[in-house]
Amino acid sequence: MRSIPRPLRWAAQRITLWAVLAYAKGALRLLHASGHGQLYESLRRKQWFYRAGYSVFRHPHVLGASRVPGRADVEIATRLITAWERATRADGADTAGMWSSANQELRELLEPIEKNDPDHLANVLTGMFHSRFIQGMAHGFRHREWVASRRLVPMTIEDRLVSLAEYLGIVPAETSEQGESAAAARNGLEDLVVKLERALGHSLAFPEVGAPSGIRVADRLLTMRSMEHIYAAARIKRGARLAGLADEAPISAVEIGGGYGGLCYWITLQFVQRLRRYRIVDLAWVNVIQGYFLCRALGADRVSLFGEPPRQIEVLPTSAVEALPAMSPAKGETRVVINQDSLPEMLPEVARAYLRWTGRQSGALFYSYQQESANRVNGIPQNIVHQLCTEVPSLRLLARDLSWTRDGYTEELYRVA
């Protein structure tokens, strides 16, 4: 190379660098176009790919397997069908927007419900985490059908696991500007899982319900969404403390749009004896998924469905929300309204109605965890929750932060005046 004139060496180096960057850019564009890029881009530690001197992502992707439904599954399915029939009569017209029950991908779930076939419904729900109808609440069918999931799912879980440990101060926060890359994963993640469980006071193992997929660390199954839900539960617990609420105070929570019930499950574990009541308000067909997951994960005797006598966990349709203010809190109770990921995806008038209801819960906390992309779905831009909250004068913003675990997501904590 020294015999080559310096200008030519400089030009060759520039051309080589340009070619490498162009190839990488093209590869990332193909990744994004295939639908896989969203997972990669949500990682906080993209530098692990090119800076770690050893394999960071060493845990294989474990696919959950459906099991044969038992008597308990069929009994729960029977209750779910009855509650769905009550809820659809109460809710009236479908105003779900992008989550409309008219979506063809829901037919696998809705057909056994409409035919009043609890055996078939139980069979569907025992493998729900590999279905298309759960897409958006979990990784769904992509666990099996996307080849890149074998690598991207473990990467995402490990990235969020380390981020959770950073938030809790179990490991130092990593910076790409200085220090060793992926230091927290140098000796594996088993010790990190044990320390996290000690700090949180519960196991990180995801319940074996619905054929979940993920990775196994220290013999615990960890999933993509469970890391997010555990983190959100920890943030809510710390947010209540920062708002000046007593650590021992009983908790009553209302979650607007509860996904498959994951956040409810982890909050139940984190607050343990303090949790007095937890209500999920959601669409009737989503209630079916939540009801099954929570009945199997927490016990069917702890969960009530629409029209049943209230228990600690209540799964309710959207029409039930206006009746909730009549349920006055016990003396000294902490009340929390929670929304993670769903208010942006509702029709604007529906999201505004929920926020107006929240603004009437005097003294309560409102925890919001959202993306703010305003991305268009079917030509309609998604809501930016922060902007909608400014329309409700009683919602007083206490804190606004970027998520520790998911790039681009915003967390806000409000106090209702």
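This passage walks through the fold, the central sheet, one helix and the internal cavities of a predicted model.

Starting with the overall numbers, the chain runs to 417 residues, and 53% of them are buried. Its secondary structure comes to 14 helices and 12 strands. Contacts reach well along the sequence: of those with a separation of 6 or more, 75% link residues 24 or more positions apart. On the outside, the chain exposes about 19400 Å², with carbon and sulfur atoms supplying 53% of that area.

Next comes the sheet. An open sheet is built from 8 strands, and reading across gives the order β5-β6-β4-β3-β7-β8-β12-β11, with mixed pairing. The edges belong to β5 (303-304) and β11 (395-402); each has a single partner strand, so one side of each is left without a neighbour in the sheet. At the β5 edge, the link to β6 is parallel and consists of 2 bridges. Ser304 sits opposite Glu314 of β6 there.

Further along the order is β8, which spans residues 365-371; 7 of its 7 residues are buried, so the strand is largely enclosed by the rest of the structure. In a regular strand, side chains alternate between the two faces of the sheet. For β8 both faces turn out to be covered: Leu365, Tyr367, Tyr369 and Gln371 are buried on one side, and Phe366, Ser368 and Gln370 are buried on the other.

The two neighbours of β8 run in opposite senses relative to it, parallel for β7 and antiparallel for β12. With β7 (residues 334-340) there are 5 bridges, and Ile338 has Tyr367 of β8 as its bridge partner. With β12 the count is 7 bridges, and here Tyr367 stands opposite Leu413. Tyr367 therefore has a bridge partner in β7 and another across in β12, so it is flanked by Ile338 and Leu413.

Strand β12 itself (residues 409-416) has 7 of its 8 residues buried, so it too is largely enclosed by the rest of the structure. Its pairing with the edge strand β11 is antiparallel, again over 7 bridges. Leu413 turns up here as well, as the bridge partner of Ala399. The hairpin of β11 and β12 has 6 residues between the strands, and Gly408 takes a positive phi near 85° in it.

Away from the sheet, helix α11 is a good example of a buried helix: 9 of its 10 residues are buried, so it is largely enclosed by the rest of the structure. The buried set consists of Gly262, Leu263, Cys264, Tyr265, Trp266, Ile267, Thr268, Gln270 and Phe271. Leu269 also lies in this helix, which covers residues 262-271. Leu269 counts as partly exposed because its relative accessible area is 24%, and the cut-off for buried is under 20%. Leaving aside residues up to four places away in sequence, Leu269 touches His202 and Ser203. Leu269 and Leu298 are 29 residues apart in sequence, with their C-alpha atoms 9.6 Å apart in space. Just after the helix comes Val272, with a positive phi near 45°.

Finally, the empty space inside. Rolling a probe the size of a water molecule over the atoms shows where such space is left. The structure holds 3 cavities of 30 Å³ or more. The largest has a volume of about 130 Å³. Its lining is made up of Phe129, Ala138, His139, Gly140, His143, Phe206, Pro212, Ser213, Thr223, Met224, Arg225 and Tyr260. By class, that lining splits into 6 nonpolar, 5 polar and 1 charged residues.

The second largest cavity has a volume of about 70 Å³, and its lining is 10 nonpolar and 1 polar, with no charged residues. The residues around this second cavity are Leu80, Ala83, Trp84, Ala87, Ala284, Asn287, Val288, Leu305, Phe306, Val315 and Pro317. At least two lining residues come from each of α4 (71-91), α12 (284-298) and β6 (313-317). Helix α4 gives the largest share, 4 residues. Strand β6 thus links the two parts of this account, since it contributes to that lining and also pairs with the edge strand β5.

Conventions:
Residues numbered from 1 in each chain as written. Predicted model: local features only at pLDDT ≥ 70, side-chain atom pairs only at ≥ 80, totals over all residues. Heavy atoms only, no water. 1 Å grid on protein atoms, 1.4 Å probe; cavity = no way out; pocket = protein on both sides within 12 Å on 5 of 7 lines; lining within 4 Å. Points joined across faces, edges and corners; volume = space filled by probe spheres on them. Nonpolar A, V, L, I, M, F, W, Y, C, P; charged D, E, K, R; others polar. Buried < 20%, exposed > 50% of the residue type's maximum accessible area, 1.4 Å probe, protein only. Contact = heavy atoms within 4.5 Å. Areas by Shrake-Rupley, 256 points an atom, 1.4 Å probe, with all protein chains shown as cover. Pairing = 2+ DSSP bridges.
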